[in-house]
Amino acid sequence: MSAPIGVAAALAARFDSSVTPRPQLWDQFKLTDRVGLVTGGNRGLGLEMALALLEAGARAVYCVDLPSEPGEEWKAVRDYVEAMGTGGRLEYVSQDVTKQEAMWAAAQSIGDKEGRMDVGIAAAGIVIAGKSGLDFTAHEFQSVLDVNASGVMFTAQAVGRQMDRFGTPGSIILISSIAGTVALDIKSLPYDTSKSAVLQMARSLACELGPKRIRVNTVSPGFVHTEMSRPTIQSDPATLVRWSAQNPLGRIATPDELRGVVAWLASDASSFCTGSNIFVDGGHHSW
Ligand SMILES: NC(=O)c1ccc[n+]([C@@H]2O[C@H](COP(=O)([O-])OP(=O)(O)OC[C@H]3O[C@@H](n4cnc5c(N)ncnc54)[C@H](O)[C@@H]3O)[C@@H](O)[C@H]2O)c1
């Protein structure tokens, strides 16, 4: 008779039948003692994602962003993390993601200090919109690609080199957008192009880094209420109605609705997921 397979076999391998079973699913989501780096972490989705990693038990999450000092929103989250009493630390690093060697050095100094690097999230991004695709200048196009494509690659390299250095498994999460798959209705050719580049970047890196047990995935949010979307919504109140009508749920997202997917991708609960793009867009891509 062949060896048993499936859930029963897995249970037999996992449990000592002499002890009472207990639910173990949430254990797979725990990030106990893990170290992460999140770009764009001074505010918005990056900061929300950094908090999610800490709530899942991470030891330290380093937020990389442009300002020399973190803002009030970041400080409020840091205070909240301290009040949680888990011992987890929200740290801040002032750095420009478009500076390749500086990004590598920043991740290396985190590795030197913490002795590990487990999670990297590339959330820094900019958008230029409201201009015909026939008129964008070379400089405008390049400036978006510098942050949203090159900066994402430099971030992935920075954390991936540390994961490789320590020979430990890792999860790299690149924040793309629904704009990487469907064109937005805000005349944003450089942005849409950059987000599409991120999708292929993740697939390429995932194939190469799989043997090193480093997973690389993308998240594609639909429209979310953040400082990035706020100017467009405020300049034309009809925008929110239009964007809401572009997905089956009939609204746009709040930043906390990205927490679950990031916690899952960062954790062992997604251990067989790499090279994937996860839409969190209210079904926008389905239409
Ligand atoms: N808000 C949305 O509707 C939405 C939808 C889909 C995808 N996204 C993506 O999510 C990510 C986060 O966006 P957000 O909505 O939180 O925007 P946000 O503008 O609130 O945050 C972006 C952060 O990136 C930082 N940043 C920009 N350039 C940088 C650089 N060169 N180096 C380091 N940091 C830099 C900014 O200072 C800012 O703190 C972006 O990649 C964005 O494209 C946003």
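**Figure 1. The ligand occupies the largest pocket of the protein.** The model is a predicted one, in which local features need pLDDT of at least 70 and side-chain atom pairs count only at pLDDT 80 or more, whereas totals for chains, interfaces and linings use all residues. Residues are numbered from 1 along each chain as its sequence is written, and side-chain values use heavy atoms, with hydrogens and water left out. A pocket is an open set of points, on a 1 Å grid over the protein atoms alone, where a 1.4 Å probe fits, with protein on both sides within 12 Å along at least five of seven lines. A molecule sits in a pocket if more than half of its atoms lie within 2 Å of its grid points.

**Figure 2. Polar contacts of the ligand with Arg 43, Asp 65 and Asp 96.** A polar contact is a pair of N or O atoms within 3.5 Å. Ligand oxygen atoms are 2.8 Å from a side-chain N or O atom of Arg 43 and 2.6 Å from one of Asp 65. For Asp 96, the partner is a nitrogen atom of the ligand, at 2.9 Å. The protein buries 94% of the 830 Å² that the ligand exposes when taken alone (Shrake-Rupley method, 1.4 Å probe).

**Figure 3. The shell of 26 residues around the ligand.** Arg 43, Asp 65, Tyr 191, Val 224 and Thr 226 come nearest; a residue counts as near if one of its heavy atoms lies within 4 Å. By class, the shell has 13 nonpolar, 8 polar and 5 charged residues, with Gly counted as polar and Tyr as nonpolar.

**Figure 4. Lining of the largest pocket, which holds about 800 Å³ of space.** Among the 39 lining residues, Ala 123, Gly 125, Ile 126, Thr 226 and Met 228 are the closest to the centre; lining residues have an atom within 4 Å of a grid point. Helices H3 and H7 and strand S2 (60–65) each give two or more residues to this lining, and H3 supplies the largest share, 3 residues. Helices (at least four residues) and strands (at least two) are DSSP runs. The lining divides into 21 nonpolar, 13 polar and 5 charged residues.

**Figure 5. The second largest pocket, with a volume of about 300 Å³.** Of its 18 lining residues, Pro 169, Gly 170, Arg 213, Arg 215 and Asp 268 are the closest to the centre. Strands S5 (170–175) and S6 (214–221) each contribute two or more residues. This lining comprises 6 nonpolar, 6 polar and 6 charged residues.

Key. Polar contact = N/O pair within 3.5 Å; in protein donor to acceptor, adjacent residues only side chain to side chain. Points joined across faces, edges and corners; volume = space filled by probe spheres on them.
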